[in-house]
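Visitor: I would like to learn how to read contacts that involve aromatic rings. Where should I begin?

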2 protein chains.
Amino acid sequence: MEPAIHPRVQEIERRANIWIRRSQMCATDDEYRWITATHSVNFYARFAPFADDDRLLATALWVYWGFAFDDARCDNGPLSSRPDQFAILAGRVQRAVEAPSASDTRERLIPPLQKIVGTFRTLGSPVQVRRFALAHRAWLSGVVWQIGNEAAGTIPDLDEYLGMRLLAAGGEPTFAMLELANNAEIPAGELDSPPVRALTEMAILVAALDNDRHSAQKEAMRGHTGQNIYTVLMRHHRLSLAEALVSAAALRDRVLDRFLQLAARVRARASMELRTYLQGLGHGIRGNAEWGLRVPRYLSLGQVPDPLDSSTSLHWAESPTDPRAAPGVTPSIAWWWDENLA
Amino acid sequence: MEPAIHPRVQEIERRANIWIRRSQMCATDDEYRWITATHSVNFYARFAPFADDDRLLATALWVYWGFAFDDARCDNGPLSSRPDQFAILAGRVQRAVEAPSASDTRERLIPPLQKIVGTFRTLGSPVQVRRFALAHRAWLSGVVWQIGNEAAGTIPDLDEYLGMRLLAAGGEPTFAMLELANNAEIPAGELDSPPVRALTEMAILVAALDNDRHSAQKEAMRGHTGQNIYTVLMRHHRLSLAEALVSAAALRDRVLDRFLQLAARVRARASMELRTYLQGLGHGIRGNAEWGLRVPRYLSLGQVPDPLDSSTSLHWAESPTDPRAAPGVTPSIAWWWDENLA
């Protein structure tokens, strides 16, 4: 899992910023600054380092959009504890993704989303666009679940948290876009096979647990939703914060270890398109961590985001965290370790 | 769209009733009586009249399960106006469908659902099972949306209602099971193509509008959720109930008319598996109406369901309702009439 990034990342980021400004996706200059400070082109340029420029631009635009929606409608703002209102909005947003003729201007974020998905329709096959749409619903269903817990005043137990986080993290649509970015459609028999589903979920969870780590400080400071791997482990496993940090890292490393083992086995008899996809999952895990450790979204604690400093050198652990520190594997994800999986 | 029903419907219904009794899906004898009175084998035997017995049994069991879940957790009961609690439950239920190792006995309806989906895994391909799982999520997302409206005290406008009802009606998983019942996997390029998506949605909407008609009296009498095509048209289009009945029928007939026209065009260049599926959509539209006009679920107004009387003769309209009585086609579904669709 060597680092890789698209060679024209800066040029494409400039194009993205212009698009975002013109799309009226952001209600204020302040919002524009924070959304562009997600540097989502830089993010997705690590997932799909070999994509055509137009494909990287289109897929990265959805990442910006996802952050904008998340910030304005999910993690904070008036809907973050209103599951009724959010469920209605999620339904309307998803319909706008699926129905090309849908028109819903009451939510300002819907028209730019439809423009992005419209581009997907011109770049990708109906199968790829449908897969993205279904992944988009999976994401929204996870956010509804998260907001349900928030409104109910519940910190879920670890098993439920993992099931929820696999969806709410947004990894489903993010990885579903790999096909669009790489212009490589995976045969359904491969993509829907249990080992490839397991690999997709494992990649999502590793990235999501990394994001929990990256955003922990900022979430705490800004009073965002209380559900993350640390609060879950502290509440239900009676760990201190220091212990929860180690335990979560051990779980993350254990999942990554299984991912690497299973991916090698699946790759051996995979089509070229599936190999490209598996490579993309790996790029995504690595790229998400590189991006998350540097991006002003998580690092800037002030009113205005700092510039992205790509020169910061990152230090990686030499070996996995002691797996004995990890919590036991829970039923929702236990099947990833099924010996008969592949 | 001639009527058709599986020849061994009664034998398979007996097997289903035994399975349901043993599964402990129903908490009380009363619940068992109402659930078996849905005669879901009789329902799905019309969708898949040529299925192998075991395949019809397995798919019909999910229909029973869906009714049980609907009755206990969606349409009435304590969660029907608790979007937070329902969103959490929907997340857990869906994870139990997707993760073979999931274990969640806090909700008594989850273990029997997992048994049914486990059977799907032995009968169907991973692609078919995955398609069912994603359709299952679509359904639950629609129910969350409906409960969101209920909790917010909102009767949605027609456009939103159609988008919601397409999901909440349960047609997505019901029609997704056609592949499992008929043992015929549709190539992804066909199933995910816009005209076939449109046909699937049209079949769902026709059946859902028929269900609105079948259950209108019972819902009104039992104080169920106020969202149906009639309350929507009365509220937002200022129609009387008598006018709303005609207007809804005209909309339904207009959709069916387009379905028939488009299906004929698609069938001409369809694979055998897709032709089987399109046939199943037609069987489903017809079968749903035949079943819904007779089933004690909608007809029995007392404490105990009446027996199913299959001898009642049904009268069908000779011609469609005057299309001028239909409300204008709304943006969410306008693309079904796109001339370039097929």
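**Rings and their partners**

Guide: Begin with a charge over a ring, keeping in mind that this is a predicted model. In chain A, the charged end of A:Arg21 sits over the ring of A:Tyr32, at 3.9 Å from the ring centre.

Visitor: Over which ring does the charged end of B:Arg21 sit?

Guide: Over that of B:Tyr32, with 3.9 Å to the ring centre.

Visitor: Now for rings that meet rings. How many aromatic pairs are there over all chains?

Guide: A search of the whole structure gives 28. Take B:Phe69 and B:Phe86: their ring centres are 6.0 Å apart and their planes make 50 degrees, so this pair is tilted. Tilted is the class for planes that are neither under 30 degrees apart nor over 60.

Visitor: Which parts of chain B does that pair tie together?

Guide: B:Phe69 belongs to helix H4 (residues 53-74) and B:Phe86 to helix H5 (residues 83-98), so the pair links parts 17 residues apart in sequence. B:Phe69 and B:Phe86 are both buried.

Visitor: What kind of pair do B:Phe120 and B:Phe132 form?

Guide: An edge-to-face one, with 90 degrees between the planes and 5.0 Å from centre to centre. B:Phe120 is in helix H6 (residues 110-123) of chain B and B:Phe132 in helix H7 (residues 126-152), so parts twelve residues apart in sequence are tied together.

Visitor: Are B:Phe120 and B:Phe132 buried or exposed?

Guide: Both are buried.

Visitor: Which residues form one aromatic cluster in chain A?

Guide: The cluster consists of A:Trp62, A:Trp65, A:Phe69, A:Phe86, A:Phe120, A:Phe132 and A:Trp139.

Definitions and conventions. Residues are numbered from 1 along each chain as its sequence is written. Chains are lettered from A and ligands numbered from 1 in the order in which they are written. This is a predicted model: local features need pLDDT of at least 70, side-chain atom pairs count only at pLDDT 80 or more; totals for chains, interfaces and linings use all residues. Side-chain values use heavy atoms; hydrogens and water are left out. Rings of Phe, Tyr and Trp (its six-membered ring) pair if their centres lie within 6.5 Å; planes under 30 degrees apart count as stacked, over 60 as edge-to-face and the rest as tilted. Helices (H or I, at least four residues) and strands (E, at least two) are DSSP runs, numbered from the N terminus. Buried means under 20% relative accessible area, exposed over 50%, partly exposed in between (1.4 Å probe, protein chains only). A charge sits over a ring if NZ of Lys or CZ of Arg is within 6 Å of the ring centre and within 35 degrees of the ring normal.
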